[in-house]
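Subject: Structure for you to look over

Hello,

Here is the structure I said I would pass on. My notes on it follow below.

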Amino acid sequence: MRRFALATAVALGPLFALGGCAFFRAPQKAPLHPASVVRKDARLAVTWIGHATMLVQMDDKVILTDPVFTRTVGMIVPRSTEPALTPEELPKADATLVSHLHPDHLSYGSLDRIEAKVGHLVMPWGGVAYLPRYDFDATELMPWQRWSKDGLVITAVPVDHNGFRFGADYEWMREGYTGYVVQYHGLTVYFGGDTAYDDHFTKTRQRFPSIDLALVPIGPIGRRDVMRGWHVDPREGLQGFLDLGAKTMVPMHYDTFFNTSEAAGEAPRQLREAVTERGVEPERVAILKIGEQRVLVKKE
């Protein structure tokens, strides 16, 4: 319980240090807005809506990850940048992935607003018990378990995080969090949700050796003595991408909700430094602006 109390203090400290004024400040507009959410010329495309909310197009399938469209998370931490797409602008997803139960990933207020567009909700094992009644269907998966429909295959893969929802001790709940690998028409996408660094990246590569796109968190960064057990920083996120052996990395989980000590722009700055230090080809790491869309595989 002591560990959770320290993590909570670290998370809320920057907000209180600002005298709470960040809570009342309106979020800034997203830097970009995609002209066409679903591309006719794309086999594989990704749009960063903000935080861990990504819209992935795989041919004629649409996958939405960790949808968060609310003004705050947990009614405490304010959004610094508006979502790049409104719920009304979202296409209907074939599947929506929820990586874990924390309010910035499993957002009831957001699901309320996009209920008709969720498609099939896929959750980690133990997650459905925390889900209110909705009109869409939901499935929970254990590590390496799969859900499939019409050629779309989603596999839960291990990550290193925690699964509490309501302030329970880290030791109390070791279920309720996961990553995913999505496969369709020969395309493969990894979504890491939230995770610390360990050998689970390598274990996932052993089962999925040809990943086209890896959506990898790179924050929060500070304090590392607390966050290291739950979150990768930019250098660890890059190493996880290399462990996966994926073709392209798109970083996420930064510059949307600020609840730790790093400044805006710090996470991508450190990631660029790490790319240079490791000699990684810069084109393999696509650092998007919120609202930016990247086509990774074009139709021939």
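Among the contacts in the protein with a separation of 6 or more, 70% are between residues 24 or more positions apart. Please keep in mind that this is a predicted model. There are seven helices and 15 strands. The protein has 300 residues, and 58% of them count as buried. Its accessible surface comes to about 12,900 Å², and carbon and sulfur atoms account for 53% of that area.

Two sheets are worth going through in turn.

One is an open sheet of seven strands with mixed pairing, in the order 8-7-6-3-2-1-15. Strand 8 (138-141) and strand 15 (293-298) are its edges; each has a single partner strand, so one side of each has no neighbour in the sheet. From one strand to the next, the twist averages 20°. Within this sheet, strand 3 (residues 61-65) pairs with strand 6 (residues 95-97) in the parallel sense, over three bridges. Ile63 is placed opposite Ala95 of strand 6.

The other is an open sheet of six strands, also with mixed pairing, and its order is 9-10-11-12-13-14. Its edge strands, strand 9 (146-149) and strand 14 (248-252), each pair on one side only. Here the twist averages 15° from one strand to the next. Strand 12 (residues 187-191) and strand 13 (residues 213-217) are paired in the parallel sense through three bridges, and Val189 sits opposite Leu213 of strand 13.

Next, the nonpolar interior. The largest nonpolar core has 56 residues. Those with the most contacts inside this core are Val56, Met58, Ile154, Tyr190, Leu215, Leu238 and Val285. Another core, of 21 residues, lies apart from it and includes Leu55, Val62, Phe69 and Phe136. In soluble globular proteins, nonpolar side chains tend to be buried together.

One polar residue also deserves a look. Where is Thr195? Thr195 is in the loop that runs between strand 12 and helix 4 (200-207). Is Thr195 buried or exposed? Its relative accessible area is 1%, which is under the 20% cut-off, so Thr195 counts as buried. The side chain of Thr195 makes a polar contact of 2.8 Å with the side chain of His200. Thr195 and Val159 are 36 residues apart along the chain, yet their C-alpha atoms are separated by 5.5 Å.

Regards

Notes
Residues are numbered from 1 along each chain as its sequence is written. This is a predicted model: local features need pLDDT of at least 70, side-chain atom pairs count only at pLDDT 80 or more; totals for chains, interfaces and linings use all residues. Side-chain values use heavy atoms; hydrogens and water are left out. A nonpolar core is a set of buried Ala, Val, Leu, Ile, Met, Phe, Trp, Tyr and Cys residues joined through side-chain atoms within 4.5 Å. Buried means under 20% relative accessible area, exposed over 50%, partly exposed in between (1.4 Å probe, protein chains only). Helices (H or I, at least four residues) and strands (E, at least two) are DSSP runs, numbered from the N terminus. Contact means heavy atoms within 4.5 Å. Accessible areas come from the Shrake-Rupley method with a 1.4 Å probe; for residues, only the protein chains shown count as cover. Two strands pair if DSSP finds at least two bridges between them. Axes are lines fitted to C-alpha atoms, for helices over the stretch in contact, and angles run from 0 to 180 degrees between N-to-C directions. A polar contact is a pair of N or O atoms within 3.5 Å; within protein, one must be able to donate a hydrogen and the other to accept it, and residues adjacent in sequence count only if both atoms are side-chain atoms.
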